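Got the viewer open? Let's take a walk through this one, stop by stop, with something to select each time.

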Amino acid sequence: MNSKAKRVVSITALFLVFCTSQIYVSAGFMAPEATSAGVQQGQDSVGILTTLGNKAVSVNGAESITGTTIISGANLETPAGIGATVSLGNLGSVEIEQDSKLVLTFHPGSIKVLLLRGCVTVKAHKGVLGEIETAKDAVSKTDPKAEGLLRVCHPGSVRVAAAEAAGGLGTLATAAILAAPAAVIIPVVSPGSNPSNSLPQ
C-alpha cells in the first residue's frame with residue numbers, strides 16, 4: 001500500500017471515530033431528559049401513603065405505614081382513631097378519615113374512590129376528574145376545569161354514628177335518624193374549585 005492510500009485509510013478511520021464520539025455525546029445529553037420524563041410518568045402511576053403518627057393501616061389486607069407505595073386498584077382500610085393520606089403527585093391527593101374503607105383507582109387525568117365505609121376527601125388538581133362513589137346511583141364529581149375539593153361520607157357510616165350518638169333519645173328519635181337520606185355528599189368548596197354532585201332524586 002502506497003503512502004497516498006495509507007493517508008486515505010487514516011483519514012477515514014479518524015472520521016469514523018469522530019462521528020461515533022458525537023453520537024455518544026448526544027446520547028449523554030439526552031439521557032437526563034429521558035430520566036426526567038420517566039419520573040414524571042411515575043408520579044401519576046403510583047401514590048405514596050402517609051398515616052397519622054406513622055401507625056399502621058391496611059393496604060390490600062397488609063399492615064402498612066408511611067412511605068408505602070400505593071398502586072391503582074388498592075383496597076385501603078383505616079382503623080378507629082387513625083387516618084391516612086395518599087399523595088398522587090400531579091393528580092392530587094386522597095385523605096382517608098378514621099374507620100373508613102375504600103377502593104382507590106387512579107390514572108392520568110382521573111382519581112376515583114369507591115367508598116365502602118367512613119368518610120374521604122379527594123383533592124383533584126386542575127385537569128383531573130375527581131370522583132367518589134358510594135353506590136351506582138350516588139356519585140359525586142369535581143369539575144376538571146378547576147381544582148376541586150370534595151368530601152363524602154358513606155350513608156351507612158353516618159346513620160350508625162348518628163344512632164349511637166342518639167343514645168337515650170327514644171325509639172321515635174332514633175328511627176328518624178336511621179331514616180336519613182341514602183347518600184351524604186358534602187362538597188368542600190375552596191377558591192377556584194367547582195365541584196358538581198349527582199344524587200338520586
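## Into the core

Start with Leu76, Val94, Leu104 and Val113: in the largest nonpolar core, which has 26 residues, these four touch the most other members. Now colour the strands that feed this core with at least two residues each: S2 (57–59), S5 (74–77), S6 (84–87), S7 (92–96), S8 (101–107), S9 (110–117), S10 (119–124) and S13 (148–153). Keep in mind that you're looking at a predicted model. As background, nonpolar side chains in soluble globular proteins tend to be buried together.

## Stop one: Leu76

Select Leu76 and show what surrounds it. Setting aside residues up to four places away in sequence, Leu76 touches Leu49, Ser58, Val59, Ile70, Val86, Ile96, Ser100, Lys101, Leu102 and Leu104. Two of those names, Val86 and Leu104, get stops of their own.

## Stop two: Leu104

Hop over to Leu104, in strand S8. Is it buried or exposed? Leu104 has 0% relative accessibility, so it counts as buried. Try a distance label here: the C-alpha atoms of Leu104 and Leu76 are 7.5 Å apart, while in sequence the two residues are 28 apart. With neighbours within four places left out, the contacts of Leu104 are Ile70, Ile71, Ser72, Gly73, Ala74, Leu76, Val86, Val94, Ile111, Lys112 and Val113.

## Stop three: Val86

Next, pick Val86 in strand S6. Val86 is buried, because its relative accessibility is 0% and buried means under 20%. Which residues does Val86 touch, not counting those up to four places away in sequence? Light up Gly47, Ile48, Leu49, Ile70, Leu76, Gly92, Ser93, Val94, Ile96 and Leu104. Gly47 deserves a label too: Val86 and Gly47 sit 39 residues apart in sequence, yet 5.9 Å apart in space from C-alpha to C-alpha.

## Stop four: Thr51

Move along to strand S1, where you'll find Thr51. At 6% relative accessible area, Thr51 is buried. Show its contacts, again skipping neighbours within four places in sequence, and you get Val57, Ser64, Ile65, Thr66, Gly83 and Ala84.

## Stop five: the disulfide

How many disulfides does the structure hold? There is 1. Select Cys119 and Cys153 and zoom in on their sulfur atoms, which are 2.0 Å apart. This pair links distant parts of the chain, with Cys119 in strand S10 and Cys153 in strand S13, 34 residues apart. Turn the view to look at the S-S bond of Cys119 and Cys153: the torsion is about 110°, so this disulfide is right-handed. Both ends are tucked away from the surface by the numbers: Cys119 is buried at 13% relative accessible area, and Cys153 counts as buried at 6%.

## Last stop: two loops

Finish with a pair of backbone curiosities. Asn54 is in the loop between strand S1 (46–51) and S2. Its phi is near 60°, a positive value in a residue other than glycine. Buried, exposed or partly exposed: which fits Asn54? With 41% relative accessibility, Asn54 counts as partly exposed.

Now jump to the loop between S7 and S8 and select Asp99. Here phi is near 50°, again positive in a residue that isn't glycine. Asp99 is partly exposed, with a relative accessible area of 38%.

Methods
Residues numbered from 1 in each chain as written. Predicted model: local features only at pLDDT ≥ 70, side-chain atom pairs only at ≥ 80, totals over all residues. Heavy atoms only, no water. Core = buried A, V, L, I, M, F, W, Y, C linked by side-chain atoms within 4.5 Å. Buried < 20%, exposed > 50% of the residue type's maximum accessible area, 1.4 Å probe, protein only. Helix = DSSP H or I, 4+ residues; strand = E, 2+ residues; numbered from the N terminus. Contact = heavy atoms within 4.5 Å. Disulfide = S-S within 2.5 Å.
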